[in-house]
Amino acid sequence: MLSPERLALPDYEYLAQRHVLTYMEDAVCQLLENREDISQYGIARFFTEYFNSVCQGTHILFREFSFIQATPHNRVSFLRAFWRCFRTVGKNGDLLTMKEYHCLLQLLCPDFPLELTQKAARIVLMDDAMDCLMSFSDFLFAFQIQFYYSEFLDSVAAIYQDLLSGKNPNTVIVPTSSGQHRQRPALGEAGMLEGVEASLFCQCLENLCDRHKYSCPPPALVKEVLSNVQRLTFYGFLMALSKHHGINQALGALPDKGDLMHDPAMDEELERLLAQVPGLVNSVTASPEASCLPSRTPLRVGSPWRPLHHSRKVDGESDGSTEETDESET
């Protein structure tokens, strides 16, 4: 039975909205690159498994950054995979630096850009040094906002800078290439301390949401965030977005904060996989999380390699913690 959304849209609009062409092109490229291996079990089976992996969200594992950020579904899938793979960091109460979180991201995407990780960390740390420690939950929710709404936030930063300098924000140019991330304008000390008028900022963002071609938070929720204050700073605004329950629900990638460390389905799958490893059951039983802890030293990431999609599964699993860093309590 077709959904109401499907019935309301012409075929070409529905296919474009779901980025079907993007996945077809990627599937064909993988088919051509691995045709000798695929010929052993058939093209029909390859396409079946490819689109099953797209539906399950595992198609983004170990892929290049240009692919994982190519569609909204890919971004949601990557956020969910990062959360499910590294929940252990939060459950154990471990605090990691920006560089250590970047190493974890590179385990799933070897060429993940450092700049995006730095921007996410800045939401949590604000004016603190970038080598400060962050809790998993603080970083994860900040990273969600920065990664999913990256192009939108670049435009918001430009509007904020224009308001600080007294320029007309309507002259801001919206990014037109999802493969490029503009350098965020440097926010001066005065801007960090005083911020901008919330009502004017809200008006500018409403206009931006109307014309922005990329994903942006629901305008009603953005207005709700800005209606609670008279003035605010740029990073104060981003922190408010990252903590907003409604925005997290609208995005649909992560569970609520109270459920962040619970994933029974993955825990059961992990236990099943560990039970198949000889000699490992006793050590895991004695210390369930010990084997999943990330190293405190920088992780060495191998060269980018794109394997066949159907051979990738989320084998590693982790848990998390609700412990907050000091910065998130302010």
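This is a stop-by-stop tour of a predicted model.

**Whole chain**

Start with everything shown as a cartoon. The chain has 20 helices and 4 strands. Of its 330 residues, 46% count as buried. Take contacts between residues at least 6 apart in sequence: 76% of them join residues at least 24 apart.

Now colour by pLDDT. The chain mean is 79, and 73% of residues reach 70 or more. Select residues 172-180. Here pLDDT stays under 50, and the model has 26 contacts beyond four places in sequence for this stretch. Residues 188-192 are also below 50 in pLDDT, with 8 contacts beyond near neighbours in sequence.

**Two positive phi values**

Select His19. This residue sits in the loop between helix 2 (11-17) and helix 3 (20-33). Its phi is near 55°, positive although the residue is not glycine. Most residues other than glycine have a negative phi. With a relative accessible area of 27%, His19 is partly exposed.

Go on to Phe62, in the loop between helix 5 and helix 6. Phi is positive here too, near 65°. Phe62 has 23% relative accessibility, so it counts as partly exposed.

**Phe67 and its surroundings**

Step along to Phe67, in helix 6 (residues 65-68). Is Phe67 buried or exposed? Its relative accessibility is 6%, so Phe67 is buried; the cut-off is under 20%.

Show the neighbours. Setting aside residues within four places in sequence, Phe67 contacts Tyr23, Asp26, Tyr50, His59, Ile60 and Asn74. Add Thr22, 45 residues away along the chain: its C-alpha atom is 9.3 Å from that of Phe67.

Then show Arg63. Its charged end sits over the Phe67 ring, 3.9 Å from the ring centre.

**Helix 5: a ring pair**

Tyr50, one of the Phe67 contacts, leads to the next stop. Select Tyr50 with Phe46. Both lie in helix 5 (residues 43-56), 4 residues apart, about one turn of the helix. An α-helix has 3.6 residues a turn, so residues three or four places apart point the same way.

The structure holds 21 aromatic pairs. Phe46 and Tyr50 form a tilted one, at 6.3 Å centre to centre with 35° between the planes. Both residues are buried.

**The aromatic cluster**

Select Phe65, Phe78, Phe82, Phe86, Tyr101, Phe112, Phe136, Phe139, Phe143 and Phe147 as sticks. Ring pairs link these residues into a cluster.

Centre on Phe112. What does Phe112 touch, not counting residues up to four places away in sequence? The list is Phe65, Ile68, Phe78, His102, Leu105, Gln106, Thr117, Phe143 and Phe147.

Move to Phe147 and add Arg75. Arg75 lies over the face of Phe147, at 5.9 Å from the ring centre.

**The largest nonpolar core**

Widen the view. The largest nonpolar core has 78 residues. Pick out Phe78, Phe82, Phe112, Phe201 and Phe237, which have the most contacts inside it. Which helix gives the most to this core? Helix 11 (residues 136-148) does, with 9 residues.

**Helix 9**

Select helix 9 (residues 98-108). The helix is mostly covered, with 9 of its 11 residues buried. Show them as sticks: Met98, Glu100, Tyr101, His102, Cys103, Leu104, Leu105, Gln106 and Leu108.

Next, find what covers them. The buried residues pack against helix 7 (72-85), helix 8 (88-91), strand 1 (95-96), helix 10, strand 2 (134-135) and helix 11. His102, Leu105 and Gln106 are also among the residues that Phe112 touches.

**Helix 10**

End on helix 10 (residues 114-125). Check its length between the end C-alpha atoms. At 1.5 Å a residue, its 12 residues should span 16 Å; the end atoms are 16 Å apart, so the two agree.

Now colour by burial. Leu116, Thr117, Lys119, Ala120, Ala121, Ile123, Val124 and Leu125 are buried in helix 10. Thr117 is one of the Phe112 contacts.

Last selection: Met126, which follows helix 10 and has a positive phi, near 55°.

Terms used:
Residues are numbered from 1 along each chain as its sequence is written. This is a predicted model: local features need pLDDT of at least 70, side-chain atom pairs count only at pLDDT 80 or more; totals for chains, interfaces and linings use all residues. Side-chain values use heavy atoms; hydrogens and water are left out. Buried means under 20% relative accessible area, exposed over 50%, partly exposed in between (1.4 Å probe, protein chains only). Contact means heavy atoms within 4.5 Å. Rings of Phe, Tyr and Trp (its six-membered ring) pair if their centres lie within 6.5 Å; planes under 30 degrees apart count as stacked, over 60 as edge-to-face and the rest as tilted. A charge sits over a ring if NZ of Lys or CZ of Arg is within 6 Å of the ring centre and within 35 degrees of the ring normal. The expected span of a helix is 1.5 Å times one less than its number of residues. A nonpolar core is a set of buried Ala, Val, Leu, Ile, Met, Phe, Trp, Tyr and Cys residues joined through side-chain atoms within 4.5 Å. pLDDT is the predictor's confidence in each residue, from 0 to 100.
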